[in-house]
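Me: I've never read a protein structure before. Could you show me how to go through one, feature by feature?

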Amino acid sequence: MLSALAAGAIAMSSLTGPVAPPPTTEMVIDVVQANGSGCPKGSAEVTVSPDNKAFTVSYSKFIAQIGPEAKSTDFRKNCQLALDVLVPSGYTYAVAGADYRGYASLQEGVTASETAFYYFQGEQHTTKIKHDFVGYFEDEWQRTDEVEMSSLSFLDCGEKRYLNVNTELKVNTANADKKVTNWITMDSTDGSLETVYHVAWMKC
């Protein structure tokens, strides 16, 4: 929820070993806390891929919109997730990238954006990544960001910190016809809203 992470953007680490194959024992991720207008209580879930190479955060109420049917606060929606990542013994991890996909309906000249912040609990290093969309736009969208191997930032072995992911969707009111609904969402073909985060592993 990571996009174009720079060296040390999430956590400074003294680890220098090579990236390892995923462990055979699966990682477990719990949503410790979910706050924000984009993820009311009970509307955010996390699942881990069978190969331990990725995890997905799914939403059911994450859409930003403006127009005749929208509330004055609907132009911006956000979700702050605190994730408790329990990794198999002898391993640590880094977030190696993220896949975002969704749908946007924007009239000519209207702009929208998706912005994400990522950091480990207690760390001062925060990564902010923003994607802009310009209307006319009426289509699915997808953005994929990858982190170079040399720039991966691993959580130090033995550290216990939550992974925080704060995502924002926003539709700007400038140039918008108030009689027309403009909106953007992170979407998937099954109707849930999701972001897939890719994980790199290292042995301790």
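Reply: Sure, let's begin with helices and strands: they are DSSP runs, numbered from the N terminus, where a helix is H or I with at least four residues and a strand is E with at least two. Keep in mind that this is a predicted model, where local features need pLDDT of at least 70, side-chain atom pairs count only at pLDDT 80 or more, and totals for chains, interfaces and linings use all residues. Residues are numbered from 1 along each chain as its sequence is written, and side-chain values use heavy atoms, with hydrogens and water left out.

Me: Okay, how many helices and strands are there in the protein chain?

Reply: The protein chain has twelve strands and zero helices. Read from the N terminus, the elements go β-β-β-β-β-β-β-β-β-β-β-β.

Me: And how do I read a residue between two strands, say, where is Tyr136?

Reply: Tyr136 sits in the loop between strand E8 (127–134) and E9. A cis peptide bond, with omega of about 15°, joins Gly135 to Tyr136.

Me: What does "buried" mean when people say it about a residue?

Reply: Buried is under 20% relative accessible area, exposed is over 50%, and partly exposed is in between, using a 1.4 Å probe and protein chains only. The areas themselves come from the Shrake-Rupley method with a 1.4 Å probe, and for residues only the protein chains shown count as cover. Here, 47% of the 204 residues in the protein chain are buried. The chain's accessible surface is about 10200 Å², and carbon and sulfur atoms hold 47% of that surface.

Me: Disulfides next! How many does the structure hold?

Reply: In general, a disulfide is a covalent bond between the sulfur atoms of two cysteines. The rule used to find one is a pair of cysteine sulfur atoms within 2.5 Å. This structure holds two disulfides, and with the bonded cysteines numbered in sequence order the pairing is 1-2, 3-4.

Me: Which residue does Cys39 pair with?

Reply: Cys39 is joined to Cys79, S to S 2.1 Å. That pair links distant parts of the chain, 40 residues apart: Cys39 is in the loop between strand E1 (28–35) and strand E2 (44–48), and Cys79 is in strand E5 (residues 76–86). The torsion about their S-S bond is about 95°, so this disulfide is right-handed. Cys39 is buried at 1% relative accessible area, and Cys79 is buried too, at 0%.

Me: Is the disulfide of Cys157 and Cys204 right-handed or left-handed?

Reply: Left-handed, because the torsion about the S-S bond of Cys157 and Cys204 is about -95°. Cys157 lies in the loop between strand E9 (137–146) and strand E10 (163–171), and Cys204 in the segment after strand E12 (193–203), so the pair ties together parts 47 residues apart in sequence. The S to S distance between Cys157 and Cys204 is 2.1 Å. Cys157 counts as partly exposed at 32%, while Cys204 counts as exposed at 54%.

Me: How do I read a polar contact? What does the side chain of Thr185 lie 2.7 Å from?

Reply: A polar contact is a pair of N or O atoms within 3.5 Å; within protein, one must be able to donate a hydrogen and the other to accept it, and residues adjacent in sequence count only if both atoms are side-chain atoms. In this case, a polar atom of the Thr185 side chain lies 2.7 Å from the backbone oxygen of Phe62. Thr185 belongs to strand E11 (residues 182–186) and counts as buried, at 5% relative accessibility.

Me: What about backbone angles? What is phi of Asn52 near?

Reply: Phi of Asn52 is near 60°, a positive value in a residue other than glycine. Asn52 lies in the loop between E2 and strand E3 (54–59), and it is buried at 2% relative accessibility. Asn175 also has a positive phi, near 70°. Asn175 is in the loop between E10 and E11, where it counts as exposed at 60% relative accessibility.

Me: Last one: which residues lie nearest the centre of the largest pocket?

Reply: The general idea is that rolling a probe the size of a water molecule over the atoms shows where empty space is left. On a 1 Å grid over the protein atoms alone, a pocket is an open set of points where a 1.4 Å probe fits, with protein on both sides within 12 Å along at least five of seven lines, and lining residues have an atom within 4 Å of a point. Ile66, Gly67, Thr173, Ala176 and Lys178 lie nearest the centre of the largest pocket, which is lined by 13 residues.
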